[in-house]
Amino acid sequence: MRKTAEERLAEISAMDKALWAQGKVFAGIDEAGRGPLAGPVAAGCAVMPSHTLLLGVDDSKKLSEKKREALYEQILGAAAFANVGLATVEEIERLNIREATKLAMARAAEGAGCGLFLLDAMDGLAVPGEQRAIVRGDAVCYSIAAASILAKVARDRLMLKLDAEYPRYGFARHKGYGTAEHIAALRAYGPCPAHRSLFIRKFV
């Protein structure tokens with residue numbers, strides 16, 4: 001039986017509630033854009049208050065674009081701290097995608113002011129505090145899910161800007177992922193400066 005929105009919120013916030021009950025102040029951190037062929041990788045960081053649970057917060061991949069956009073604004077309004085960090089295409093190329101993702105996460109966490117960071121299956125960040133890697137964190141932790149929405153919406157908005165700058169590739173539709181449309185455009189027009197050269201080698 002499909003869970004109601006209230007049941008799902010209770011489920012995804014259980015880990016957060018246990019930490020709040022211990023008096024912990026903590027941030028959730030998640031990324032968006034590790035897999036695409038183009039554009040930056042983004043990370044969100046959110047310190048969510050215990051007194052306001054936002055109905056509908058979930059893994060950003062499970063939400064429609066319209067729902068993510070609405071929740072993004074709600075999260076910004078409710079969070080004690082909310083931020084997005086980026087790592088550029090150049091940094092992805094220079095560092096590799098894992099290290100660039102860690103860099104984006106550390107940038108997102110700057111100024112969070114807490115001693116505990118819950119990360120979606122990542123560790124080794126340059127942040128001042130304890131780190132806990134949570135497997136499937138965006139599906140089981142409310143704060144990480146909120147961070148995933150911040151990262152996804154912020155990155156999608158950047159891809160819309162890149163679409164206006166490089167309209168041949170369809171960035172507004174596929175957000176840089178390796179769809180058939182994107183690969184066909186790459187082969188027809190070659191790469192643009194927004195493409196990750198290490199990611200597109202087999203397509204051009």
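Helices here are DSSP runs of H or I with at least four residues, numbered from the N terminus. With that in hand, let's work through some exercises on this predicted model.

**Exercise 1. In which helix does Lys-102 sit, and is Lys-102 buried or exposed?**

Solution.
- Step 1: Find the element. Lys-102 belongs to helix α5, which covers residues 97-109.
- Step 2: Apply the cut-off. Buried means under 20% relative accessible area. Lys-102 has 14%, so the residue is buried.
- Step 3: Look for its partners. Setting aside residues up to four places away in sequence, Lys-102 touches Met-122, Asp-123, Gly-124 and Leu-125.

**Exercise 2. What pattern do the helices and strands follow along the sequence?**

Solution.
- Step 1: Take the inventory. The protein has nine helices and five strands.
- Step 2: Put them in order. Reading along the sequence gives α-α-β-β-α-β-α-α-β-β-α-α-α-α.

**Exercise 3. What radius of gyration does the protein have, and what would a compact globule of 204 residues have?**

Solution.
- Step 1: Start with the expectation. For 204 residues, a compact globule would come near 17 Å.
- Step 2: Compare. The protein has 17 Å, so the value agrees with that of a compact globule.
- Step 3: Add the outline. Along the principal axes, the C-alpha atoms fill a box of roughly 55 × 40 × 30 Å.
- Step 4: Add burial and contacts. Buried residues are 51% of the 204. Among contacts with a separation of 6 or more, 65% join residues 24 or more positions apart.
- Step 5: Turn to the surface. About 9,500 Å² is exposed, and carbon and sulfur atoms supply 55% of that area.
- Step 6: Finish with charge. The mean positions of the 28 positive and 24 negative charges lie 3 Å apart.

**Exercise 4. How many residues of α7 are buried, and where does Asp-163 fit in?**

Solution.
- Step 1: Check the length of the helix. α7 (residues 142-165) has 24 residues and reaches 35 Å from its first C-alpha to its last, close to the 34 Å expected at 1.5 Å a residue.
- Step 2: Count the covered positions. In α7, 18 of the 24 residues are buried, which leaves the helix mostly covered.
- Step 3: Locate the aspartate. Asp-163 is part of helix α7, and its relative accessibility of 18% counts as buried.
- Step 4: List its contacts. Apart from neighbours within four places in sequence, Asp-163 meets Gly-170, Phe-171 and Ala-172.
- Step 5: Take a long view. From Asp-163 to Pro-49 the C-alpha distance is 36 Å, with their positions 114 residues apart in sequence.

**Exercise 5. Is Lys-175 buried or exposed, and what is its phi?**

Solution.
- Step 1: Read the backbone. Lys-175 is not a glycine, yet has a positive phi of about 55 degrees.
- Step 2: Place the residue. Lys-175 lies in the loop between α8 (171-174) and α9.
- Step 3: Check its cover. The relative accessible area of Lys-175 is 8%, so this residue is buried.
- Step 4: Now try Ala-121. Its phi is also positive, near 55 degrees, and Ala-121 lies in the loop between β4 (116-120) and β5 (130-134). At 47% relative accessible area, Ala-121 is partly exposed.

**Exercise 6. How far apart in space are Leu-198 and Val-89?**

Solution.
- Step 1: Find the leucine. Leu-198 sits in the segment after α9 (180-189).
- Step 2: Judge its exposure. Leu-198 counts as partly exposed because its relative accessibility is 41%.
- Step 3: Give the distance. Leu-198 and Val-89 are 109 residues apart in sequence, while their C-alpha atoms are 10 Å apart.

Definitions and conventions. Residues are numbered from 1 along each chain as its sequence is written. This is a predicted model: local features need pLDDT of at least 70, side-chain atom pairs count only at pLDDT 80 or more; totals for chains, interfaces and linings use all residues. Side-chain values use heavy atoms; hydrogens and water are left out. Helices (H or I, at least four residues) and strands (E, at least two) are DSSP runs, numbered from the N terminus. Buried means under 20% relative accessible area, exposed over 50%, partly exposed in between (1.4 Å probe, protein chains only). Contact means heavy atoms within 4.5 Å. The radius of gyration is taken over C-alpha atoms; the globule rule is 2.2 Å times the number of residues to the power 0.38. Accessible areas come from the Shrake-Rupley method with a 1.4 Å probe; for residues, only the protein chains shown count as cover. Lys and Arg count as positive and Asp and Glu as negative; His and the chain ends are not counted. The place of a charge is taken as NZ of Lys, CZ of Arg, CG of Asp or CD of Glu. The expected span of a helix is 1.5 Å times one less than its number of residues.
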